Amino acid sequence: MNYIGIILGITVIIIAYFTLWPLIKGAPWVPTRMKKVRQMLSVIDIQSDEIIYDLGCGDGRFIVSAVRKFNAKAIGIEINLLLYLWCQLLITFLGLRRRVKIRYGNFFKLDLSDADVVICYLLQETNDKLEDKLLKELKPTARVISNSFLFNKLPVVNEDEDTGIYIYRVR
Ligand SMILES: C[S@@+](CC[C@H](N)C(=O)[O-])C[C@H]1O[C@@H](n2cnc3c(N)ncnc32)[C@H](O)[C@@H]1O
């Protein structure tokens with residue numbers, strides 16, 4: 001039996017699962033640079049105890065920064081099992097489990113109605129698919145901030161093409 005072939009095959013399947021599956025479901029993992037994380041969090045005006053959602057939370061950088069800097073509560077949703085497990089480890093290690101929850105799964109299938117702020121760094125076609133859900137589920141006071149990609153139906157607060165930071169409200 002060709003063990004090298006089997007190991008290579010399994011490796012390819014595992015890599016495909018962790019890269020292609022998130023891509024098919026919404027976006028690949030491309031982390032936002034920390035400088036831009038800080039910039040986005042500072043312009044969205046987060047209040048203490050507000051609930052921040054990161055749709056596709058990657059390695060957890062937005063949710064951890066939001067909770068630490070603004071004393072907010074955060075919910076990260078992640079479809080990549082490795083990143084989900086990483087985030088669970090991270091919030092445990094940092095002692096943030098009371099204020100941060102990580103949900104494994106597809107954000108299209110989860111209820112977002114308690115969000116005060118929704119953070120997105122996805123793809124344009126994913127934003128296009130997502131915005132009816134945001135309009136339907138989010139409360140009137142909620143804000144949405146998107147890295148690099150626009151929403152076309154949400155009322156605009158500020159679209160800054162230089163920074164690629166786009167801010168919206170719901171009503
Ligand atoms: C471009 S990365 C952004 C990561 C993080 N928000 C950041 O800005 O650093 C997109 C993330 O969304 C996740 N993702 C893509 N589609 C998803 C879906 N339908 N449900 C949950 N997570 C998803 C990917 O696994 C990836 O970690």
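# From an exposed arginine to the ligand shell

Arg98 is exposed, with 9 other C-beta atoms within 10 Å, and because a residue counts as exposed when 12 or fewer such atoms surround it, this arginine falls inside that class. The structure is a predicted model, and everything that follows describes that model. Arg98 sits in the loop between H4 and S3, and its C-alpha atom is separated by 15 Å from that of Tyr53, a residue 45 places away along the chain.

Going back from this loop, one reaches Gly95, which comes just after H4 and takes a positive phi of about 70°. Helix H4 itself covers residues 81–93, and at 1.5 Å a residue its 13 residues should span 18 Å, which agrees with the 18 Å between its end C-alpha atoms. Which residues of H4 are buried? They are Leu83, Cys87 and Ile91, and, seen down the axis of H4, the buried residues fall within an arc of 70°, so they line one face of the helix. These buried residues pack against S2 and against strand S3, which comprises residues 100–104. The face of H4 turned away from the buried side carries Leu89, Thr92 and Phe93, which are exposed.

Helix H3 has buried residues of its own, namely Phe62, Ile63, Val64, Ala66, Val67 and Phe70. What covers them includes helix H2 (34–43), strand S1 (51–55), S2, H4, S3 and S4, a set in which both helices and strands appear. Arg61 also lies in H3, but with 19 C-beta neighbours inside 10 Å it counts as partly exposed, because the buried class begins at 20. Leaving aside its neighbours within four places in sequence, Arg61 is in contact with Pro31, Thr32, Met34 and Val37. After H3 comes Asn71, whose phi is positive, near 55°.

H3 also leads to the ligand. The shell around the ligand holds 25 residues, and the closest are Pro22, Gly26, Thr32, Gly56 and Gly58. The elements that give two or more residues to this shell are helix H1 (3–25), helix H3 (61–70) and strand S2 (73–78). By type, the residues of the shell divide into 14 nonpolar, seven polar and four charged. Thr32, one of the closest residues to the ligand, is also among the contacts of Arg61.

The later strands can be followed by starting from S5. Is strand S5, residues 143–147, enclosed or exposed? Five of its five residues are buried, so S5 is largely enclosed by the rest of the structure. In a regular strand the side chains alternate between the two faces of the sheet. In S5, Arg143, Ile145 and Asn147 point one way while Val144 and Ser146 point the other way, and all are buried.

S5 is joined to strand S4 (residues 117–120) by four bridges, and these two strands run parallel; Val118 stands opposite Val144 in S5. S5 is also joined to strand S7 (residues 165–169), this time by five bridges and with the strands running antiparallel, and here the partner of Asn147 is Ile165 in S7. S7 in turn is linked to strand S6 (residues 156–160) by four bridges, again in an antiparallel arrangement, with Asn158 and Ile167 as bridge partners. S6 and S7 form a hairpin with four residues between them, and Gly164 in the turn has a positive phi of about 70°.

Two loop residues other than glycine also have positive phi values. Asp45, in the loop between H2 and S1, has a phi near 60°, and it is exposed, with 12 other C-beta atoms within 10 Å. Ser148, in the loop between S5 and S6, has a phi near 80°, and it is partly exposed, with 17 other C-beta atoms within 10 Å. The C-alpha atom of Ser148 is separated by 17 Å from that of Arg61, the two residues being 87 places apart along the chain.

Notes
Residues numbered from 1 in each chain as written. Near = placed C-beta within 6 Å. Nonpolar A, V, L, I, M, F, W, Y, C, P; charged D, E, K, R; others polar. Expected span 1.5 Å × (residues − 1). Arc of directions from axis to C-beta. Contact = placed C-beta atoms within 7 Å. Pairing = 2+ DSSP bridges.
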